[in-house]
Amino acid sequence: MELIITHMFQNVNIVFQYWSDMSKKIINITAKLDRFVLKNRMVSAALLAMQQTLPLLAICVYAQLISQLILSPNALFVTLFNWRLRIPATFQLQEMLSLLEVFVLMILAATFTKQYLSIRQVTNTVLPTLTNFLGTYFLFLGKGQTPTYDTSQYLLVILLSFISCESFYFYQKFISRDNPQPFAIRFLIWAGFVLLIDVSLHFAIQRSVVRSALSTLLSNNFFTTFIGLVIVSIVAPLLWWLGIGLPHELINNPSTINAVIKNLDTILTNTNATLPYPTNLYSVYTAFSLFGGVGSTLAISFILLFSVRKKRQHLGMLSLLPSLFNSNQLLYFGLPIFLRPLLLVPMIMTSLLGTLIGYTAIVTHLIKPATLSTPNTTPSSLIGFLGSNDSWSLLITTIIFALSVIIYRPFIAIETSEVSYEK
Amino acid sequence: MRNKLIIISSLVLMVIIGFFGHDWVTHTNNNQAKIQNSRMAPIIFIPGSSATINRFDNLLNKLNTPKSTHSILKVQVNTDGKLVYSGHIRANDEQPFIVIGFQNNQDGYDNIKKQYRWLNTAMADLQERYHFRNFQAIGHSNGGLIWTGFLENYYSSDSFNMTTLMTLGTPYNFSEVTLARRTVMLTDYINKSKKLPKGLSVYSIAGTEDYTDDGIVPVQSVIAGKYIFQKHVKAYTQITVSGSDAQHSSLPENTEVVSLIQEYLLANTDTTGRPTP
């Protein structure tokens, strides 16, 4: 008997050792890749620009949070406590918040331009900075309109600014090198050309063809299957990490998806009826893979609170409250997350882990799936419990959160020790 | 210490949201279940300007003759948004009559805007009390304008399913005798007509006393409703009644109008006598 137990312990030890070595390898490879990516001029300029834009973004994120919790007509606390607040000029307030979001992008484009051209050793950066600042305005707003589409298109802003910077660099170097005047007609022609491209792209990105196609795709019953949910839990953090705006169904409450509506209809008609789609985006992905936003980044805010670096601690404190309500933009700009392999790997791992555990718990009837409607801006960490009225979901949520912390910890430790892009 | 405080505060916040969220979810979904399973589909009446909740008494008596099959509930919305109920809905009555009137029942576009806001308050309260989703509506004179304003500004197909709207002598272009001159109200209603429910059937009844009007509302103003409803709802039908009792204020008691209500609204029942949605 003693021999069997000793043998078992040895086996467990071997498996543990194997996983430990594997994870060390993964972390080392990711860290190397991260250092390689950070050497890229465009990426390092983008990350610096994001960090410099952070204070403005913080104002924007907190203003939106206040609106979503208290001020808007369907705000969380207004709904929960049945408050009958009479907020004057609610519509104008929403419009102001949308404008602020675009202003953040304009500042990001301007800061990136300045950073990138400094790296390229261009001295006269005023005109390209102004051009990209205005270009972003035309790209998202145009003629006094409010952006009705997602403004988290960071990749688009950075890429367009990058192309504009490169074109300016070569234009100045090869065509206009003998002209020291920064606002010479030939430079103004360049600026006019860039702005024209931004205006034409404005009409292209305003068309919500891609987004509505994605929404239709997500309504497909394939995304109620195991494979479909696994794909979503991998692709969503990947696209978000790339700076591509995600459809509403992947960042918020996907209450408009067919499977969710059919489940709700069934449960409202008969509480004991068998659900047609027990596993779907709402009951699995939203309830267990979205703690703190895409990539379950609530764990990052939590880990940063205990960081040895003051700056990181402050970021943890600053991002914790919005993270509780599924907004992780502050971490995206503050760490930053954008295009960094070091953070992509744990994001996909935690997202996938949440989906796997949530899916298994539902199909084994350990917990009831979330089917009931929950108020807007409900923290994702409470969706599993509130949407199903099942307290066991809280236990699953706690386990997934604890595992997310374990997954993120070594990656954040490396990130905190090697902040190589900071000047 | 500071971190402990932050984590404890976050946990407390989550517990509060979890506790009140649980209450909200239970209450909202119980309510939704009752609405979903409700068999009641009332006919809701709104009188015109200057009229009270008793305006339709004669019409309702005629509709309840020879046998009183539809119970009657009257609701008055006061200017402070408070609702005063009179009458009752009989248990198991699947097609009760509900009359909604307003303490401020004055004419004018500004007042109509207030009235359809009050109508929204009344509808939400009625749904909370009686858990119905399907309903049909009748509006006499400005009552039709109030229904149209409500449909374009407050109605949500997530909460309600309005199947039929019948308007009696409703002045969609106020007192304008020509369609060439559109009032601000008509322009506003036309601009928002895309928000009208797609599955709605609308019957607009005009009265003619002397070929041009019903004594108060020009026929052309009633006909202007086509610019609002046509192509935006499932069906839009324009009907003109004439004769000695086709005068504006007599329209609700007009024999032809009563027949039309019986044919298009009361007859909307299935083989078991239950109102069809």
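Which residue in β3(B) stands opposite B:Leu73? It's B:Gly87, and the views below show where that pair sits. This is a predicted model, where local features need pLDDT of at least 70, side-chain atom pairs count only at pLDDT 80 or more, and totals for chains, interfaces and linings use all residues. Residues are numbered from 1 along each chain as its sequence is written, chains are lettered from A and ligands numbered from 1 in the order in which they are written, and side-chain values use heavy atoms, with hydrogens and water left out.

**View 1. Chain B as a whole.** Chain B has eight helices and eight strands (DSSP runs, H or I of at least four residues for helices and E of at least two for strands, numbered from the N terminus). Its C-alpha trace spans about 85 × 45 × 35 Å along the principal axes. Of the 277 residues here, 51% are buried (under 20% relative accessible area with a 1.4 Å probe, protein chains only; exposed is over 50%, partly exposed in between). Take the contacts (heavy atoms within 4.5 Å) between residues at least 6 apart in sequence: 75% of them join residues at least 24 apart.

**View 2. The open sheet of chain B.** Eight strands line up as β3-β2-β4-β1-β5-β6-β7-β8, with mixed pairing (two strands pair if DSSP finds at least two bridges between them). β3 (83-87) and β8 (235-242) of chain B are the edge strands, each with a single partner, so one side of each has no neighbour in the sheet. From one strand to the next, the twist averages 20 degrees (axes are lines fitted to C-alpha atoms, for helices over the stretch in contact, and angles run from 0 to 180 degrees between N-to-C directions).

**View 3. β2(B) and its two partners.** On one side, β2 (residues 72-77) and β4 (residues 97-102) of chain B pair in the parallel sense over six bridges. Here B:Ile72 stands opposite B:Phe97, while B:Val77 has B:Phe102 as its bridge partner. β2(B) also runs antiparallel to β3(B), joined by five bridges. Those two strands make a hairpin with five residues between them, and B:Gly81 in the turn has a positive phi of about 85 degrees.

**View 4. Helix α5 of chain B.** In α5 (residues 184-191), the buried residues are B:Met185, B:Leu186, B:Tyr189 and B:Ile190. They cover an arc of only 135 degrees around the axis (taken from the directions from the helix axis to the C-beta atoms), which puts them on the same side of α5(B). B:Val184 and B:Asn191, on the other side, are exposed. The buried residues pack against α3, α4 (142-153) and α7 (225-229) of chain B.

**View 5. Helix α18 of chain A.** With 26 residues (392-417), α18(A) should span 38 Å at 1.5 Å a residue (times one less than its number of residues), and its end C-alpha atoms are 38 Å apart, which agrees. α18(A) bends by about 35 degrees at A:Arg409 (the angle between axes fitted to the seven residues ending there and the seven starting there). A proline, A:Pro410, follows within four residues.
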